[in-house]
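Me: I am in my first year and would like a close look at one part of this structure, the largest pocket. Please walk me through what lines that pocket, and then through the strands and surface around it in the rest of the chain.

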Amino acid sequence: GAAFAVAGGEGVLEPWGVALVTVQAFNDMPGSYVDDLECVLDGLPLTRLALRMKVDGCPLRLLSDCVGIDIVSDPAKPRLRFGDVVAGSNAITKLLRVQNDGPIGA
């Protein structure tokens, strides 16, 4: 999922003044997220500001120092290459190292 954290924006907003508000976005998985930031000012109608966030990618990744990982051909899509394999030959085994950059165990 995702979360938005808001800090600041409290106190008196003078006429024609400006309030600095910091919005932070957090996520733990890819997806598109939408929420509203509700702005409340005494004597004025409630105002909603749309918040949108799109997260691409996955927190799991193959480490580039594994034998057989090709990150040169397309760095965005690493490939595991086994080389030429003759039909009927013995099984080929490769050890992979996977890193989890996310907050949840995989």
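Reply: What follows describes the pocket and then turns to some salt bridges and surface residues.

Please keep in mind that this is a predicted model, and that every value below is computed from it.

The largest pocket holds about 340 Å³ of space. It is lined by 15 residues, and those closest to the centre of the pocket are Gly-9, Glu-10, Ala-19, Val-21 and Leu-41. If you sort the lining by the character of its residues, you find 10 nonpolar, three polar and two charged ones. Two strands, E1 (2-8) and E3 (31-39), each supply at least two residues of this lining, and E3 gives the most, with three residues.

Strand E3 is a useful thread to follow out of the pocket, since Glu-38 lies in this strand. The side chain of Glu-38 meets that of Arg-48 in a salt bridge, with 3.1 Å from N to O. Arg-48 belongs to strand E4 (residues 47-55), so the pair, 10 residues apart, links distant parts of the chain. Glu-38 has a relative accessible area of 45% and is classed as partly exposed, because exposed would require over 50%.

A search of the whole structure finds two salt bridges. Besides the pair just described, the side chains of Asp-56 and Lys-54 meet in a salt bridge, here with 3.9 Å from N to O. Asp-56 has a relative accessible area of 63% and therefore counts as exposed, and Lys-54, with a value of 63%, is exposed as well.

The surface also has a nonpolar part. Leu-60, Leu-62, Leu-96 and Val-98 make a nonpolar surface patch of about 300 Å². One of these residues, Leu-96, is found in the loop between strand E7 (79-80) and strand E8 (98-100). Its relative accessibility is 34%, so Leu-96 counts as partly exposed; a residue needs over 30% to be part of a patch, and Leu-96 passes that cut-off.

Strand E8 itself contains Gln-99. With a relative accessibility of 28%, Gln-99 also counts as partly exposed, because buried would mean under 20%. The C-alpha atoms of Gln-99 and Ala-50 are separated by 34 Å, and these two residues are 49 residues apart along the chain.

Note on methods: Residues are numbered from 1 along each chain as its sequence is written. This is a predicted model: local features need pLDDT of at least 70, side-chain atom pairs count only at pLDDT 80 or more; totals for chains, interfaces and linings use all residues. Side-chain values use heavy atoms; hydrogens and water are left out. Patches are made of residues with over 30% relative accessible area and no salt bridge: like charges are joined within 9 Å, nonpolar side chains (Val, Leu, Ile, Met, Phe, Trp, Tyr) within 5 Å. Accessible areas come from the Shrake-Rupley method with a 1.4 Å probe; for residues, only the protein chains shown count as cover. A salt bridge is a side-chain nitrogen of Lys or Arg within 4 Å of a carboxyl oxygen of Asp or Glu. Helices (H or I, at least four residues) and strands (E, at least two) are DSSP runs, numbered from the N terminus. Buried means under 20% relative accessible area, exposed over 50%, partly exposed in between (1.4 Å probe, protein chains only). On a 1 Å grid over the protein atoms alone, a cavity is a set of points where a 1.4 Å probe fits but cannot get out, and a pocket is an open set with protein on both sides within 12 Å along at least five of seven lines; lining residues have an atom within 4 Å of a point. Grid points are joined across faces, edges and corners, and a volume is the space filled by probe spheres set on the points. Ala, Val, Leu, Ile, Met, Phe, Trp, Tyr, Cys and Pro count as nonpolar, Asp, Glu, Lys and Arg as charged, and the others, Gly among them, as polar.
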